[in-house]
Amino acid sequence: MLTIDLQTARRFILGKQGLWPGRRWQGAKGTQQAMRAMEYLQLDPLQIIARSQDIKLHSRVLDYKLAMWEDAAYKKRKFFDWGGWLAVRPMDELPYWRVVMRREKTAGYTNISKTGSEHAAAIKEMRAVLRERGTVSNRDFEMAARTRTQSYRGRKDSAVALYYLWRTGEVMTHHREKFERVYALTETVAPAELIREASDAETDRFLICKEIAHNGLARFNRTAEAYFRGVPLDRATKLRESLLADGEIIEVQVEGWKHVHCALASDAKLLKELAAGRVPKAWKPLGASTEDEASFLAPLDPVSARGRAKPLFDFDYVWEVYKPEDKRKYGYYVLPILWGDRLVGRFDSKLDRTTNTFVILGLWLEDKRLAKDAAFVEALAAGFVRFKTFLGAEKLNAKSVSDAALRKRLSAL
């Protein structure tokens with residue numbers, strides 16, 4: 001078993017995700033590299049300043065522009081989106097995910113099989129419509145002409161039927177219009193050689209290793225994040241022992257953490273380099289480091305979302321977008337601030353599109369003394385300059401920043 005300290009664990013997880021020690025990918029090609037390294041690019045429709053998936057890639061890819069991920073997925077067909085946990089995945093993984101799609105038709109933990117029987121007529125109709133038209137979206141069908149449903153997947157039977165076909169692999173997302181899926185038959189989207197199923201045994205091992213790769217360090221516990229995206233839970237423990245025995249994964253003990261975690265065996269060298277205080281050559285930033293330029297994490301970034309910020313950074317982070325306004329501690333769309341290898345603060349903001357102004361609604365530092373730290377102030381300013389450019393804003397409004405000196409510096413950007 002490998003034993004590491006918390007800083008090594010933190011740097012490893014940040015580095016695996018491409019967030020430390022700085023952006024090491026660039027442009028359209030770099031966007032694809034980042035998406036692969038992330039393992040899953042979780043999608044979210046909310047667009048307050050920018051969508052979560054775009055903010056994630058902005059923090060990893062030099063010169064990232066809004067919706068570059070869509071070009072990689074829907075034009076170049078290097079990735080596809082799928083799942084009840086909606087995420088973009090590499091297209092060459094499709095044979096494994098088609099096993100999960102097949103399982104979902106019969107698995108007891110989803111309602112997919114029930115949907116198939118309850119809406120059989122609409123599903124048959126949508127198959128025929130797709131063959132005739134090529135591409136179809138939910139908006140193509142008027143409510144007045146459809147059967148109303150109670151499903152949270154759509155109010156029309158056509159919407160539920162299309163969703164069923166997508167979840168079970170008969171159709172894929174051809175492209176998106178205002179984030180809404182436009183569907184097409186799978187054979188018109190995916191390469192023919194990938195429209196097949198891997199074996200169940202291969203798939204189970206792949207899914208567990210992918211989950212570990214996504215987390216960097218992972219536990220085998222029964223939580224929403226540990227369903228292994230399709231591995232039956234009753235087989236997970238045996239699979240873990242098999243992967244350990246075969247040398248595909250290793251056990252890692254992080255000092256101060258109660259539970260043993262697992263990492264890919266292929267990452268053992270990285271862990272040892274980091275533990276020795278060295279930065280892996282492959283992680284060398286193309287531009288400024290996170291020491292010189294702060295980065296801002298998306299609300300759904302895997303290194304900080306769902307309670308992960310606390311054990312890694314001793315940073316309490318809750319995405320408050322679903323909380324009533326009077327229950328929010330910070331704000332509606334708060335982003336954590338990464339400086340070096342630590343989360344040191346957060347800010348809430350909005351994009352005033354009428355004046356094309358990026359407005360900071362509030363900024364909170366974990367240690368208020370950082371506002372007097374010249375190195376941090378300049379790193380934060382540099383981060384906001386890049387973020388403002390990314391959003392396409394012409395001006396930055398920092399009037400709500402409480403510290404006077406920090407407010408003055410940011411207002412000058």
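## A buried threonine in helix 1

A residue counts as buried when its relative accessible area is under 20%. In this predicted model, Thr8 has a relative accessible area of 4%, so Thr8 is buried by that cut-off. Thr8 belongs to helix 1, which covers residues 6–16.

Leaving aside residues up to four places away in sequence, Thr8 touches Leu271, Leu274 and Ala275.

## A sheet of three strands

Strands 7, 9 and 8 form an open sheet in the order 7-9-8, and the pairing is antiparallel. Strand 7 (135–137) and strand 8 stand at the edges with a single partner strand each, so one side of each has no neighbour in the sheet. On average, neighbouring strands of this sheet are turned by 35° against each other, direction ignored.

Strand 8 (residues 171–177) and strand 9 (residues 180–185) run antiparallel and are joined by six bridges. Val171 has Leu185 in strand 9 as its bridge partner, and Glu177 has Glu180 in strand 9. The hairpin of strand 8 and strand 9 has two residues between the strands, and in this hairpin Lys178 takes a positive phi near 55°.

## Salt bridges

The whole structure holds 30 salt bridges according to a search. One of the pairs is Glu366 with Arg346, whose side chains meet at 3.1 Å, N to O. This pair links distant parts of the chain, 20 residues apart: Glu366 sits in the loop between strand 15 (357–365) and helix 13 (374–391), while Arg346 sits in strand 14 (residues 342–352). Glu366 is partly exposed, at 43% relative accessibility, whereas Arg346 is buried, with a relative accessible area of 2%.

The side chains of Arg369 and Asp367 also meet in a salt bridge, at 3.0 Å, N to O. Arg369 counts as exposed at 65% relative accessibility, and Asp367 is partly exposed with a relative accessible area of 31%.

## A further pair and a network

Lys310 and Asp316 form a salt bridge through their side chains, at 3.7 Å, N to O. Lys310 is partly exposed, with 38% relative accessibility. Asp316 has a relative accessible area of 51%, so Asp316 falls in the exposed class, which begins over 50%.

Salt bridges also link several residues into a network, made up of Arg102, Arg103, Glu197, Asp200 and Asp204.

Key:
Residues are numbered from 1 along each chain as its sequence is written. This is a predicted model: local features need pLDDT of at least 70, side-chain atom pairs count only at pLDDT 80 or more; totals for chains, interfaces and linings use all residues. Side-chain values use heavy atoms; hydrogens and water are left out. Two strands pair if DSSP finds at least two bridges between them. Helices (H or I, at least four residues) and strands (E, at least two) are DSSP runs, numbered from the N terminus. Buried means under 20% relative accessible area, exposed over 50%, partly exposed in between (1.4 Å probe, protein chains only). Contact means heavy atoms within 4.5 Å. Axes are lines fitted to C-alpha atoms, for helices over the stretch in contact, and angles run from 0 to 180 degrees between N-to-C directions. A salt bridge is a side-chain nitrogen of Lys or Arg within 4 Å of a carboxyl oxygen of Asp or Glu.
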